[in-house]
Amino acid sequence: MKLLKKFTPAVFALLFVTLYACDCGDESPTTIYSSSKINTIVTGTVWKVSQYSEANSDKTSNYNGYTFSFTNTVLTASNGDQTASANWSVTDSNPTADLISDLNFTLDFSTPALFSVWSADWQIIQKSSTQIKLKNENSSTGAIRYLTFAKN
């Protein structure tokens, strides 16, 4: 028993140091890069729509054949025959937190109707170097839309 009492403080100290020094990789799934890093990911690369759904209805096929190119402020959609442009931006409502929930992906297409339905502030819900998944919830109706861009 005396031996246990003698080593107990040392064991707790070792446990404490181990737990707080460990980079255990359990980073929150909501942690993400800043808006400028999102801009860097999407610009200079050609994207496609890998998923678009509106009120639980899959409408992805409407965007088959289109490619999307992002520059600093303009998004261009083209299918070879038709081209449409939109203003776009990523804003961060809390730049010090770097949380995915603080980032808004704004699209502003005026025409055609195929793309103007996307004109809104979208929440970024997933991000990788090859995919950006967006969500928009209509505050009046509660209808949820999902839009996912994937590198082409």
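I took helices (H or I, at least four residues) and strands (E, at least two) as DSSP runs, numbered from the N terminus. The model I examined is predicted: local features need pLDDT of at least 70, side-chain atom pairs count only at pLDDT 80 or more, and totals for chains, interfaces and linings use all residues. Residues are numbered from 1 along each chain as its sequence is written, and side-chain values use heavy atoms, with hydrogens and water left out.

**Entry 1. Thr83**

I located Thr83 in strand S5, which spans residues 83-92. I then asked whether Thr83 is buried or exposed. I use buried for under 20% relative accessible area, exposed for over 50% and partly exposed for values in between (1.4 Å probe, protein chains only). Thr83 has a relative accessible area of 57% and is therefore exposed. For contacts I require heavy atoms within 4.5 Å. Setting aside residues up to four places away in sequence, I found that Thr83 touches Thr76, Ala77 and Ser78. The C-alpha atoms of Thr83 and Pro112 lie 9.4 Å apart, with the two residues 29 positions apart in sequence.

**Entry 2. The chain as a whole**

I recorded three helices and nine strands, in the order α-α-β-β-β-β-β-β-α-β-β-β along the sequence. The chain has 152 residues, of which 27% count as buried. Among contacts with a separation of 6 or more, 44% join residues 24 or more positions apart. By the Shrake-Rupley method with a 1.4 Å probe (for residues, only the protein chains shown count as cover), the accessible surface comes to about 9400 Å², and carbon and sulfur atoms hold 52% of that area.

**Entry 3. Strand pairing**

I accept two strands as paired if DSSP finds at least two bridges between them. Strand S1 (residues 46-54) runs antiparallel to S9 (residues 144-151), and seven bridges join them. Two bridges link S1 to S3 (residues 67-70), also antiparallel. Trp47 has a bridge partner in each of these strands: Lys151 in S9 and Phe68 in S3. S1 also pairs with S2 (residues 57-58) over two bridges in the antiparallel sense, where Ser53 is matched with Asp58. S1 and S2 make a hairpin with two residues between them, and Ala55 in the turn has a positive phi of about 50 degrees.

I next followed S7 (residues 120-127), which is antiparallel to S6 (residues 103-109) over four bridges. Four bridges also connect S7 to S8 (residues 131-137) in antiparallel fashion, and this hairpin has three residues between its strands. Gln123 in S7 is the partner of Asn104, while Ile124 is matched with Leu134 in S8.

**Entry 4. Core and aromatic rings**

I define a nonpolar core as a set of buried Ala, Val, Leu, Ile, Met, Phe, Trp, Tyr and Cys residues joined through side-chain atoms within 4.5 Å. The largest one has 30 residues, and Phe68, Phe105 and Trp118 have the most contacts inside it. Beyond its neighbours within four places in sequence, Phe68 contacts residues including Leu75, Phe115, Trp118 and Phe149.

I count Phe, Tyr and Trp rings (the six-membered ring of Trp) as paired if their centres lie within 6.5 Å; planes under 30 degrees apart are stacked, over 60 edge-to-face, and the rest tilted. The structure holds 17 aromatic pairs. The ring centres of Trp88 and Phe105 are 5.5 Å apart and their planes are at 25 degrees, so this pair is stacked. Trp88 lies in S5 and Phe105 in S6, so the pair ties together parts 17 residues apart in sequence. Trp88 is buried at 3% relative accessible area, as is Phe105 at 1%. One aromatic cluster includes Trp88, Phe105, Phe68 and Trp118.
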